[in-house]
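Please walk me through this model from its overall layout down to single residues. Keep the steps short.

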Amino acid sequence: MSDQLERMKAIVAQAIAEAECHHRGVRLATVHLIVYGETAEEALRRLFEKASRGSPAEGARLIIERATSRYICWNCCGLRFESGDGVCPNCGELALEVPPDISFALQRVEVAGAF
Ligand SMILES: [Zn+2]
């Protein structure tokens, strides 16, 4: 469980860094998570709450999306797809499979008051 908390802290830090890259000093409105494993939604929300406490991500809405596939093509900017052989249907490159120890990752982030 503490490993998962460490991972969630890294994701919160990544989300904040991503938001501040575009808008300095903003608060995060929504954090989109992509979940690969069976991790329960409630557990993820608790982790996020703990990991974001006292940070600009505190109180942000957490959107949890279940990944349908563990394949990601970095050639196509992180396109996710279903495949038996791991070949990207878009560009034909061999895609990467998300390692089994990665159970969730940052999908994208929305900031408050941004336009
Ligand atoms: Zn591709």
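The account below goes from the whole chain to its helices, its strands and one loop.

This is a predicted model. The protein chain holds 2 helices and 6 strands. Along the sequence they follow the pattern α-β-α-β-β-β-β-β. The C-alpha trace spans about 45 × 35 × 15 Å along its principal axes. The chain has 115 residues, of which 19% count as buried. Take the contacts with a separation of 6 or more: residues 24 or more positions apart account for 65% of them.

Start with the nonpolar core. The largest one has 17 residues. Val12, Ala15, Leu28, Val31 and Ala57 have the most contacts inside it. Four elements give two or more residues each: helix H1 (2-22), strand E1 (28-35), helix H2 (41-52) and strand E6 (104-111). H1 gives the most, with 6 residues. Ala15 shows how these parts meet. Leaving out residues up to four places away in sequence, Ala15 touches Leu28, Val31, Ala57, Leu106 and Val109.

Now look at H1 itself. Its 21 residues should span 30 Å at 1.5 Å a residue, and the end C-alpha atoms are 31 Å apart, which agrees. Which residues of H1 are buried? They are Met8, Ile11, Val12, Ala15, Ile16 and Ala19. Seen down the helix axis, these buried residues fall within an arc of 135°, so they line one face of H1. Ser2, Asp3, Glu6, Ala17 and Cys21 are exposed on the other side. The buried residues of H1 pack against E1, H2 and E6.

H2 can be read in the same way. At 1.5 Å a residue, its 12 residues should span 16 Å; the end C-alpha atoms are 16 Å apart, which agrees. Leu47, Phe48, Ala51 and Ser52 are buried in H2. They cover an arc of only 110° around the axis, which puts them on the same side of the helix. On the other side, Glu42, Ala43 and Lys50 are exposed. H1 and E2 are among the elements that cover the buried residues of H2. After H2 comes Gly54, whose phi is positive, near 80°.

Turn to the strands, beginning with E1. E1 pairs with both E2 and E6. With strand E2 (residues 61-66), the pairing is parallel and runs over 6 bridges. With E6, the strands run antiparallel and 7 bridges join them. Single residues fix the register on each side. Val31 has Val109 in E6 as its bridge partner. Leu33 has Ile64 in E2 as its bridge partner. Ile34 stands opposite Glu65 in E2. In a regular strand the side chains alternate between the two faces of the sheet. How do the two parallel strands connect? E1, H2 and E2 make a right-handed β-α-β unit.

Two residues tie these pairings back to the core. Val31 is among the residues with the most contacts inside the largest nonpolar core, and both Val31 and its partner Val109 are touched by Ala15 of H1.

A further set of strands comes next. Three strands form an open sheet in the order E4-E3-E5, with antiparallel pairing. Strand E4 (79-81) and strand E5 (96-97) are the edge strands, and each pairs on one side only. Strand E3 (residues 71-73) runs antiparallel to E5, joined by 2 bridges. Tyr71 stands opposite Glu97 in E5.

Finally, consider one residue in a loop. Where does Ser69 lie? Ser69 lies in the loop between E2 and E3. Is Ser69 buried, exposed or partly exposed? Ser69 has 14 C-beta neighbours inside 10 Å, so it counts as partly exposed. Buried would take 20 or more, and exposed 12 or fewer. Leaving aside neighbours within four places in sequence, Ser69 is in contact with Arg80, Phe81, Glu82 and Ser83. Ser69 and Ser83 are 14 residues apart in sequence, yet their C-alpha atoms are 7.7 Å apart in space.

To recap, H1 gives the most residues to the largest nonpolar core. E1 pairs in the parallel sense with E2 and runs antiparallel to E6. E4, E3 and E5 form an open antiparallel sheet.

How values were computed. Residues are numbered from 1 along each chain as its sequence is written. This is a predicted model: local features need pLDDT of at least 70, side-chain atom pairs count only at pLDDT 80 or more; totals for chains, interfaces and linings use all residues. Two residues are in contact if their C-beta atoms, placed from the backbone, lie within 7 Å. A nonpolar core is a set of buried Ala, Val, Leu, Ile, Met, Phe, Trp, Tyr and Cys residues joined through C-beta atoms within 7 Å. Two strands pair if DSSP finds at least two bridges between them. A crossover is right-handed if, with the strands pointing away from the viewer, the path from the first strand over the helix to the second runs clockwise. The expected span of a helix is 1.5 Å times one less than its number of residues. The arc is that of the directions from the helix axis to the C-beta atoms.
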